[in-house]
Amino acid sequence: MRAILLALTLSISGLVMAQAQPQQEPVDLMLAWRSAQQHDAAFAAANAERRVGEQKQRQSRALLLPQVQATAAVGLASIDNRTSGAQFTAPGFGTSNDVDFRTDVNRGHEQRWVISAQQPLYDAERFANSRQLDKQAQLAEMKYTDAQQDLILRVAQAYFDLALARDTETLLVSEKEASQRALDEARARFNSGDIPITDADEAQARFDAIAAQQLAAQSDSEIKRSAFIDVIGIEPVELCQPSVDAAPEKIALTDWQQRATNNNPLLAMQMLGVDIAQADIDKYRALTSPVLALVAQAGDDRLHGDGAYGASELQSSNWMVGVQVTMPLFTGGMRSAKHAEAIAQSEKAQADLTALRQVVARQTQAAWLGVTNGAAQVRALEQAKKSAQTRLRATELGRANGARNTLELLNAQTDSYAAERALRQAQYALVLNRLRLAAAAGALDESTLQTVNSELAVSAPTRRRDDAASFSKSSPPHEG
């Protein structure tokens with residue numbers, strides 16, 4: 001008795017705990033996007049490169065600021081100074097010519113320090129390097145923008161690929177169930193002699209074909225699920241579907257192409273590449289230019305110890321403020337070779353930019369057509385779905401009255417399910433093309449994704465059991 005009570009208690013406790021556990025929330029685009037930001041390695045690399053670019057910006061500024069350095073040294077040193085033919089003058093001694101002076105310190109103690117500062121006034125190479133570092137910093141930022149857009153597109157692609165695969169699988173399950181009922185009905189009526197064997201064979205063939213499609217859809221759904229996890233890093237529990245009423249913004253193709261020309265991150269990156277190549281040309285051309293700098297220096301050098309002439313202490317202090325000019329004379333041919341290489345690289349970068357402009361223009365046109373024609377296609381498929389459902393109901397009625405046979409009903413059901421799948425595929429494609437169009441114009445960011453996400457709705461599994469049930473209800477009763 002105690003065992004029974006204990007089992008009942010555990011069962012009730014488990015049931016209460018299961019009911020108390022919160023249900024998992026559906027995965028929408030924003031949740032998928034935030035998870036992918038933390039999970040995707042390519043985006044993490046772009047974010048790290050962005051931080052590298054920030055440091056290049058600091059390096060660019062540093063090249064234009066004063067350079068200050070200090071040097072200090074202590075140690076053992078020896079010195080042997082000899083001066084011949086000098087003139088000596090001292091009070092009470094008069095003036096003597098051809099005098100020799102000698103100073104000697106052997107392994108004495110030396111202390112030395114020097115502080116120097118230099119501010120470039122004119123240094124073409126340094127200025128070109130600064131511009132180049134600044135462009136490289138901008139390039140890193142633009143790469144981050146492009147990586148962000150690319151990740152948003154990959155998230156949306158994986159998201160809607162899985163959603164479509166699940167929809168397809170669900171619809172095929174419903175279609176298979178309806179086909180099974182049709183097959184059972186056809187077999188029963190054939191056994192009663194009401195229909196020929198061909199009707200039963202056709203129903204069997206249709207069932208087998210749908211069963212094969214369902215197996216393929218299951219495999220495709222699992223593949224899309226794995227791709228979803230690879231990109232986003234979380235388990236897709238329940239997904240959302242785009243609203244069929246969401247209409248895209250109507251903007252002319254020329255306006256979108258102008259936006260792409262001005263803001264496309266790939267074009268911006270390539271234009272920065274052209275600027276960087278031009279900075280290389282300026283840098284190597286400047287290797288023959290003079291360098292003018294404001295310099296300042298102060299220092300002190302002391303050495304004391306014993307030598308051949310007794311204890312000695314030598315001290316030298318100096319400072320200097322002025323302008324320094326440096327003129328390169330010969331680089332062994334390196335400058336001219338580097339200069340020629342930079343010119344060739346600049347020509348290549350410019351040619352790549354021209355080719356990329358054509359590619360971006362085509363991509364923008366394709367995305368714009370995908371949005372414009374996609375919206376019209378969705379509306380047409382909505383009507384096609386309604387027409388297919390109307391045809392299905394009419395065929396069901398004709399089947400009940402004996403005016404339609406089993407094959408005609410199966411065809412009507414197949415067309416109805418196919419219209420539903422085509423509509424869903426067009427809706428997903430329309431949303432993706434909207435995102436691609438925004439990406440082409442350099443306007444795909446989190447706020448754009450949030451706008452699209454607000455148009456999604458949680459979708460329960462659409463098994464189409466209503467259509468499947470309507471077949472069995474409208475089928476004529478078996479007449480022996």
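Helix 4 (residues 124-191) and helix 7 (residues 265-285) pack with their axes 9 Å apart, at an angle of about 165°. Anything over 145 degrees counts as roughly antiparallel, so that's the label this helix pair gets. Keep in mind that you're looking at a predicted model; the chain averages a pLDDT of 83.

**The helix pair**
- Helix 4 passes helix 7 in a left-handed crossing.
- As for what sits in that contact of helix 4 with helix 7, the residues split into 10 nonpolar, 5 polar and 9 charged.

**The strands**
- Strand 4 (residues 291-307) pairs with strand 2 (residues 94-122) in the antiparallel sense, and 13 bridges link the two.
- One spot to click on is S116, whose bridge partner in strand 4 is Q297.
- Strand 4 also pairs with strand 5 (residues 310-326), again in the antiparallel sense, over 17 bridges.
- For that pairing, have a look at V291, which has T326 as its bridge partner in strand 5.
- Getting from strand 4 to strand 5 takes a hairpin, with 2 residues doing the joining.

**How confident the predictor is**
- Across the protein chain, 89% of the residues score a pLDDT of at least 70.
- Residues 1-23 have a pLDDT below 50, and this stretch makes 0 contacts in the model beyond near neighbours in sequence.
- Residues 460-480 also come in with a pLDDT below 50, but here the model has 47 contacts beyond near neighbours in sequence.

Methods: Residues are numbered from 1 along each chain as its sequence is written. This is a predicted model: local features need pLDDT of at least 70, side-chain atom pairs count only at pLDDT 80 or more; totals for chains, interfaces and linings use all residues. Side-chain values use heavy atoms; hydrogens and water are left out. Axes are lines fitted to C-alpha atoms, for helices over the stretch in contact, and angles run from 0 to 180 degrees between N-to-C directions. Helices (H or I, at least four residues) and strands (E, at least two) are DSSP runs, numbered from the N terminus. Angles under 35 degrees count as roughly parallel, over 145 as roughly antiparallel, 65 to 115 as roughly perpendicular and the rest as oblique. A crossing is left-handed if the near helix is turned anticlockwise from the far one by less than a right angle, and right-handed if clockwise. Ala, Val, Leu, Ile, Met, Phe, Trp, Tyr, Cys and Pro count as nonpolar, Asp, Glu, Lys and Arg as charged, and the others, Gly among them, as polar. pLDDT is the predictor's confidence in each residue, from 0 to 100. Contact means heavy atoms within 4.5 Å. Two strands pair if DSSP finds at least two bridges between them.
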